[in-house]
Amino acid sequence: MSIEIRNDYGQIDISNDVIAQIAGGAATECYGVVGMASKHQIRDGLTEILRKENFAKGVIVRQDGEDLHIDMYIIVSYGTKISEVAYQVQSKVKYTINKTLGLNVKSVNIFVQGVRVMNGE
């Protein structure tokens with residue numbers, strides 16, 4: 001699937017994987033986020049943190065008419081306030097997608113898949 005944008009010069013197709021990569025990169029820059037998790041982590045029993053090239057496995061991008069909805073699966077750092085971390089991720093992802101791609105994000109839904117103690121703490 002992809003997002004289609006039409007302008008005076010023609011058509012632009014942006015793959016959902018590209019949007020997922022940008023959203024995942026923005027999320028991992030936020031304080032308190034250890035990394036991205038697989039959306040099937042609970043079912044698969046996996047507790048791995050996704051690497052940059054696999055961020056799309058932890059992000060679901062949906063388009064409903066003109067509205068863009070993003071579901072993100074993250075792992076947060078132990079000792080952080082989860083609601084604040086989730087809010088920061090929502091804000092950063094909405095801002096980054098809008099600034100980078102010019103797309104308006106209607107919703108960013110955060111699913112916390114785990115809590116990790118960071119090394120050295």
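Here is a short chat about the fold, core and largest pocket of this predicted model.

Visitor: In what order do the elements run from the N terminus on?

Guide: Let's start with the tally: the protein has three helices and six strands. Strand E1 covers residues 2-7, and helix H1 covers 16-28. Read from the N terminus on, the whole series is β-β-α-β-α-β-β-α-β.

Visitor: What radius of gyration does the protein have, and what would a compact globule have?

Guide: The C-alpha trace spans about 55 × 30 × 20 Å along its principal axes. For 121 residues, a compact globule would come out near 14 Å, so the protein's own value agrees with that, at 15 Å.

Visitor: Which elements each supply at least two residues of the largest nonpolar core?

Guide: That core has 30 residues, and Ile19, Ile70, Met72, Val89, Val93 and Ile97 have the most contacts inside it. Take Met72: leaving aside neighbours within four places in sequence, its contacts include Ala23, Met36, Val59, Val89 and Ile110. The elements that each give at least two core residues are helix H1, strand E3, strand E4, strand E5, helix H3 and strand E6.

Visitor: Which strand gives the most to the lining of the largest pocket?

Guide: The pocket itself has a volume of about 180 Å³. Its lining is a mix of four nonpolar, four polar and three charged residues. Ile3, Glu4, Ile5 and Arg6 are among them, along with Gln63, Leu68 and Asn104. With four residues, the top contributor is strand E1.

Visitor: What share of the residues in the protein is buried?

Guide: Here, buried means under 20% relative accessible area. Out of the 121 residues, the buried share is 39%.

Conventions
Residues numbered from 1 in each chain as written. Predicted model: local features only at pLDDT ≥ 70, side-chain atom pairs only at ≥ 80, totals over all residues. Heavy atoms only, no water. Core = buried A, V, L, I, M, F, W, Y, C linked by side-chain atoms within 4.5 Å. Buried < 20%, exposed > 50% of the residue type's maximum accessible area, 1.4 Å probe, protein only. Contact = heavy atoms within 4.5 Å. 1 Å grid on protein atoms, 1.4 Å probe; cavity = no way out; pocket = protein on both sides within 12 Å on 5 of 7 lines; lining within 4 Å. Points joined across faces, edges and corners; volume = space filled by probe spheres on them. Nonpolar A, V, L, I, M, F, W, Y, C, P; charged D, E, K, R; others polar. Rg over C-alpha atoms; globule rule 2.2 N^0.38 Å.
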